[in-house]
Structures are given as structure tokens and as C-alpha cells.
Amino acid sequence: MSVNVGAIQPAEWAGRKGKTAIDKRPVAEAKIGKLGLAGDEISDLEHHGGEYQAVYAYAVEDLAFWSAELGRTLEPGNAGENLSVSGVDTQALVIGQRLRVGGAVLRATAPRVPCQVFAGFWDVRGLVKKFTVVGRTGAYFAVEEEGEVRAGDAIETLSTPEHGVTIADVFDFVGRNSRERVPTLLPALADLPPKVQGWVREYA
């Protein structure tokens, strides 16, 4: 529905760094490279970006949910997402699932874990807790094939791993600290980002 990029800007609410690029704005089109969208900047490279968080997608249906919940209208890009998608349940995507989006091929890797910068951007007290309870996380992707994307491009599933471990399953573990999820995640170990693999092995 929308392709969004952001520039690093100063922000009093952005924590110790005092700057952020979470405010994404729609563009007509963008090339998706191995480390993300052309023109999209990342302020906190310690926690964001990289091979396994190259692209972030959020559903407009989830934006509509939060609009109703908060009593204000959230537009595409307002969740800090690069791709605002429709008709895709990002929580139900399987880790390692490959999607063709426009001219690019993306692989689902992990859920978004909310932080205080996100809460500050929305200016909602207690948002991290609310977001964690609701679980409408959106999904991060690695880039398997670079390509151009634009609003209106189709999203096609190319392959889905048989293990069936979803973005929601991983969020239960990394976002809600549900260690009982570890046996569920083990079959998907090879498809998880290295950091999450390490956490799963630690508690296995």
C-alpha cells in the first residue's frame, strides 16, 4: 500500500542518542538493497538494521486497530515501517517464508520488539506494555534478491518452511520472555537471526 523511508532527525524523546529515523514518509518507489531501502536512514545501528532487519513491514489493518485504540489516525509509515501492506497477517508469517514484493524477494526473519523510542514517537505512555500485550508486531525481513518496489505491488509467497514457526511464536519468546516456547522454536533454528538462535540455544 505504501513504500516508506526516513531520515535521521533530532528528537528529545529518542533516548540517549537523541536522534532517530523512525518517522518514515511515503515515496513513489525505492530500490530494496541487501541492507534496506535506498534513501532510508538508520540512527541506532546497534538495535536496528543489518542483514536480518533490512526491511520492516506493518499491516494497514494493524494501523487501523491502533488508530481506533488511540483515538487518532495513523498513516502509512507511522509504525516506522518501510512497507505498509494490506491483506497480509504479518504475525502469521512463518520464519524463513519467502515473499516476492515487486521486484524484490524477502525472507521473514523476526518480529519487531517495541522500545521507548517507539513509545516516544507515538507519545503514548505505557505503549511498550500495550504493544507487547496486543502482539501486532509487524515483521522484519532479510533481502534475498534486490529490486524495485512501489505502492500497489503484489505480494506473492514463493516458499514456506515446513516447521511452521511464526513471527508470533518468536515474539512470545523474545518479546514476552516465554521460555516455554523454546521447544517450539527449535525446528526453526536455522531460519532465525543469529542473535535469536543464541538465545534459543541458551534456554534449550
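## A walk through the pocket, a helix and a cavity

Start by selecting α6 (194-203): with four residues, this helix gives the most to the lining of the largest pocket. Bear in mind that you're looking at a predicted model.

Now bring up the rest of that lining. The largest pocket has 41 residues around it, and to find its centre, pick His47, His48, Gly49, Gln53 and Tyr140, which lie nearest to that point. Besides α6, the elements giving two or more residues to the lining are β3 (19-20), β7 (55-59), β10 (104-111) and α2 (116-122). The volume comes out at about 1000 Å³. Colour the lining by class and you'll get 20 nonpolar, 11 polar and 10 charged residues.

Next stop: α4, residues 167-174. Is this helix enclosed or open? Largely enclosed by the rest of the structure, because six of its eight residues are buried. Select Ile167, Asp169, Val170, Phe171, Asp172 and Phe173 to see the buried ones. Then switch on what covers them, including β10, α3 (127-134), β11 (139-145), α5 (182-185) and our old friend α6.

Last, go looking for internal space. How many cavities of 30 Å³ or more does a search of the whole structure find? Just one, with a volume of about 60 Å³. To frame this cavity, select Ala57, Leu83, Val85, Val88, Thr90, Leu99, Val101, Leu106, Phe141 and Ile155. Two strands, β8 (83-85) and β9 (98-101), are the elements that give two or more residues here. Colour by class again: the cavity lining has nine nonpolar residues, one polar and no charged ones.

Notes. Residues are numbered from 1 along each chain as its sequence is written. This is a predicted model: local features need pLDDT of at least 70, side-chain atom pairs count only at pLDDT 80 or more; totals for chains, interfaces and linings use all residues. Side-chain values use heavy atoms; hydrogens and water are left out. On a 1 Å grid over the protein atoms alone, a cavity is a set of points where a 1.4 Å probe fits but cannot get out, and a pocket is an open set with protein on both sides within 12 Å along at least five of seven lines; lining residues have an atom within 4 Å of a point. Grid points are joined across faces, edges and corners, and a volume is the space filled by probe spheres set on the points. Ala, Val, Leu, Ile, Met, Phe, Trp, Tyr, Cys and Pro count as nonpolar, Asp, Glu, Lys and Arg as charged, and the others, Gly among them, as polar. Buried means under 20% relative accessible area, exposed over 50%, partly exposed in between (1.4 Å probe, protein chains only). Contact means heavy atoms within 4.5 Å.
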